[in-house]
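I opened this one cold and kept notes as I went. Here is what I looked up, in the order I got to it.

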Amino acid sequence: MTNEVDIGSITNDRKLELIPPSDPRVQCAIAPFNDDMLSEHHFKDRKELTDLMYETMKKYGGIGLTCNQVGLPFNYFCIGGHPQIESGLTIHCFNPIIVSSSDEEVLMTEGCLTFPFVFLPLKRPRKIVAKFEDENGDLQEANLDGMMSRAFQHEYDHILGRNFTEKASKLKLDRAFKKAAKQMEKYKKRIEANANT
Ligand SMILES: [Zn+2]
């Protein structure tokens, strides 16, 4: 999930790239995670994966990133890492589940790293109770509210192979994609202008 666009730089040797929304890997639910899967993809432990995912999320200016968005088959996402949201709190969630959601729903505008420049106002439950394993493999239960609750719900949809575009009406979607195309044009022009100076 993203709430701003900020293209930074990445220092790690190994890089993860976002894959397009048409890629079947972003459209499929992810099987449960276990630590044996890490070595198949050349990660030595959870920490190496969580560090790289966090850096990738920051590089693209997101506040949430799920493994299938970068073509990895792990049932894991990270959320947070934004200085203005709960002082930069970051949560690493392996095998996450939503145990319960509040009846109260709130309207918030969401973005997604898989859909650059697309922003959609969506209603979702305000609070959730979530369970997941953390980067050490310890089981955690969290009561989430505000942006962290929103980000968790958005990323959890990715785990299920769903994208936030499925939650919007066709009218809202058309409008958001039109706006995004314009923003993308501006962004490309800016990049070109910078390259020529
Ligand atoms: Zn997303």
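**Entry 1: a strand pair.** I began with β1 and β2 (residues 76-80), which pair in the antiparallel sense over three bridges. Looking across that pair, I found L65 opposite C78 of β2. I should jot down now that I am reading a predicted model.

On the other flank I checked β2 against β3: the two run antiparallel and are joined by five bridges. Here Y76 is the residue that stands opposite F94 in β3.

**Entry 2: the whole sheet.** Next I wanted to know in what order the strands of the open sheet come. I read off β1-β2-β3-β6-β7, five strands with antiparallel pairing. At the edges are β1 (64-66) and β7 (139-144), each with a single partner strand, so one side of each has no neighbour in the sheet. I also noted the turn between neighbouring strands of this sheet, which is 40° on average with direction ignored.

**Entry 3: how covered is β2?** I went through the strand and found five of its five residues buried, so β2 is largely enclosed by the rest of the structure. For one residue in it I listed the contacts, leaving aside neighbours within four places in sequence. C78 is in contact with T50, M53, Y54, M57, L65, T90, I91 and H92. L65 is thus on my list twice, as a contact of C78 and as the residue opposite C78.

**Entry 4: what lies over the sheet.** I followed helix α4 (residues 146-159) and saw that α4 lies across β1, β2, β3 (90-101), β6 (128-133) and β7. Its direction is at about 160° to β2.

**Entry 5: the core.** Which residues touch the most other members of the largest nonpolar core? My list is Y76, F77, C78, I79, A151 and F152, out of 38 residues in that core. At least two residues each come from α3 (46-59), β2, β3, β5 (115-125), β6 and α4. The helix α4 gives the most, with six residues. A background note to myself: in soluble globular proteins, nonpolar side chains tend to be buried together.

**Entry 6: two helices side by side in my notes.** I took α3 first. Its 14 residues reach 20 Å from the first C-alpha to the last, close to the 20 Å expected at 1.5 Å a residue. The buried residues there are R46, L49, T50, M53, E55, T56, M57 and K59. T50, M53 and M57 were already in my notes as contacts of C78. What covers the buried residues of α3 includes α2 (36-40), β1, β2 and β3. After α3 comes G61, with a positive phi near 75°.

Then I looked at α5 (residues 170-196). This helix has 27 residues and reaches 39 Å from end to end by C-alpha, close to the 39 Å expected at 1.5 Å a residue. How many of its residues are buried? I counted one among the 27, so to speak a hardly covered helix.

**Entry 7: odd phi values.** I searched for residues other than glycine with a positive phi. H42 has one, near 60°, and its place is the loop between α2 and α3. Is H42 buried or exposed? H42 is exposed, with 8 other C-beta atoms within 10 Å. I also wrote down E86, with phi near 45°, in the loop between β2 and β3. E86 counts as partly exposed, with 15 C-beta neighbours inside 10 Å.

**Entry 8: stepping back.** I finished with the chain as a whole. There are five helices and seven strands. From the N terminus on, I read the elements as α-α-α-β-β-β-β-β-β-β-α-α. The C-alpha trace spans about 50 × 45 × 35 Å along its principal axes. The radius of gyration is 17 Å, which agrees with the value near 16 Å for a compact globule of 197 residues. Buried residues make up 32% of the 197 residues. Last, I checked the contacts with a separation of 6 or more: 65% of them are between residues 24 or more positions apart.

Technical notes
Residues are numbered from 1 along each chain as its sequence is written. This is a predicted model: local features need pLDDT of at least 70, side-chain atom pairs count only at pLDDT 80 or more; totals for chains, interfaces and linings use all residues. The expected span of a helix is 1.5 Å times one less than its number of residues. A residue is buried if 20 or more other C-beta atoms lie within 10 Å of its own, exposed if 12 or fewer, and partly exposed in between; C-beta atoms are placed from the backbone. Two strands pair if DSSP finds at least two bridges between them. Axes are lines fitted to C-alpha atoms, for helices over the stretch in contact, and angles run from 0 to 180 degrees between N-to-C directions. Two residues are in contact if their C-beta atoms, placed from the backbone, lie within 7 Å. A nonpolar core is a set of buried Ala, Val, Leu, Ile, Met, Phe, Trp, Tyr and Cys residues joined through C-beta atoms within 7 Å. The radius of gyration is taken over C-alpha atoms; the globule rule is 2.2 Å times the number of residues to the power 0.38.
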